Structure formats: structure tokens, C-alpha cells
Amino acid sequence: LPLGPVPFPLLGNVLFVDTKAPWLTYTEWAAAYGDLFFVRLLDQEVVAINSQHVAEALLDKRSR
């Protein structure tokens with residue numbers, strides 16, 4: 001899995017996400033961890049993709 005912020009036990013990274021503007025939190029994490037990072041939100045594991053180039057490489061070219 002890619003790098004990401006260190007999660008709390010059980011809650012994961014949910015307490016770090018700004019509820020009024022969550023995209024700002026993801027933008028900060030992208031600046032810190034790169035265009036591809038991993039977060040845990042409660043019991044959901046999420047791989048976030050923050051660039052079109054990475055999304056195309058993963059979802060289009062590697063999906064075959």
C-alpha cells in the first residue's frame with residue numbers, strides 16, 4: 001500500500017478530515033504523501049488518487 005497519514009486505532013484518519021471542506025485535507029495529504037496515498041476512515045481503507053496521470057496509469061493502462 002502507498003504511504004499516508006498514521007491512523008488512530010479503530011477510528012483511522014477520520015478525525016483529521018475537515019468536515020466542512022474535506023477536499024482541503026486531501027490536498028494537504030497529497031502535498032505531503034504524493035499523488036497516490038492510503039488512508040483509513042473508520043473501517044474503510046481508501047487509496048486516494050490525486051492526479052489525472054496516476055489515475056490513467058492505474059485505472060486505464062493496468063486494468064487490462
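Author: Helices (H or I, at least four residues) and strands (E, at least two) are DSSP runs, numbered from the N terminus. The model is predicted, so local features need pLDDT of at least 70 and side-chain atom pairs count only at pLDDT 80 or more, while totals for chains, interfaces and linings use all residues. Residues are numbered from 1 along each chain as its sequence is written, and side-chain values use heavy atoms, with hydrogens and water left out.

Reader: Happy to start with the helix! What span does α1 reach from its first C-alpha to its last?
Author: Helix α1 runs over 22-33 and has 12 residues. The expected span of a helix is 1.5 Å times one less than its number of residues, and for α1 that expectation is 16 Å. From first C-alpha to last, α1 comes close to this value, reaching 16 Å.

Reader: Which residues of α1 are buried, and around what arc do they lie?
Author: Buried means under 20% relative accessible area, exposed over 50%, and partly exposed in between (1.4 Å probe, protein chains only). In α1 the buried residues are T25, W29 and A30. They sit on the same side of α1 because their arc around the axis (taken from the directions from the helix axis to the C-beta atoms) is only 140 degrees.

Reader: And which exposed residues does the face turned away from that buried side carry?
Author: The buried side has a cover that includes β1. Turned away from that side is a face of α1 with these exposed residues: W23, T27, E28 and A31.

Reader: Let's look at T25. Which residues does T25 contact, leaving aside its neighbours within four places in sequence?
Author: T25 belongs to helix α1 and is buried, at a relative accessible area of 6%. Contact here means heavy atoms within 4.5 Å. Setting those sequence neighbours aside, T25 is in contact with F16, V17 and D18.

Reader: Which element gives the most to the largest nonpolar core?
Author: A nonpolar core is a set of buried Ala, Val, Leu, Ile, Met, Phe, Trp, Tyr and Cys residues joined through side-chain atoms within 4.5 Å. The largest one here has 7 residues: V17, W29, A30, F37, V39, L41 and A48. At least two of these residues come from each of α1 and β1 (36-41). With 3 residues, the element that gives the most is β1.

Reader: F37 is in that core. Which ring pairs with the ring of F37 edge-to-face?
Author: Rings of Phe, Tyr and Trp (its six-membered ring) pair if their centres lie within 6.5 Å; planes under 30 degrees apart count as stacked, over 60 as edge-to-face and the rest as tilted. In the whole structure there are 4 aromatic pairs. One of them is stacked: F8 and F16, with centres 5.2 Å apart and planes at 25 degrees. In another, the centres are 6.1 Å apart and the planes at 80 degrees, so F37 has an edge-to-face partner in W29.

Reader: Which residues do ring pairs link into a cluster?
Author: W29 and F37 are both buried. Among the residues that F37 touches, leaving out those up to four places away in sequence, are Y26 and W29. The cluster linked by ring pairs is Y26, W29 and F37.

Reader: Where is N13, and is N13 buried or exposed?
Author: N13 belongs to the segment before α1. Beyond its neighbours within four places in sequence, the contacts of N13 are P5, V6, P7, W29, V39, R40 and L41. With a relative accessible area of 0%, N13 is buried.

Reader: How far apart in space are V6 and R40, C-alpha to C-alpha?
Author: V6 is also in the segment before α1, and at 69% relative accessible area V6 is exposed. In sequence, V6 and R40 are 34 residues apart. C-alpha to C-alpha, their distance in space is 8.9 Å.

Reader: One last topic, the backbone. What is the phi of L42, which is not a glycine?
Author: Most residues other than glycine have a negative phi. L10, in the segment before α1, has a positive phi of about 70 degrees although it is not a glycine. L42 lies in the loop between β1 and β2 (44-49) and is partly exposed at 43%. The phi of L42 is also positive, at about 55 degrees.
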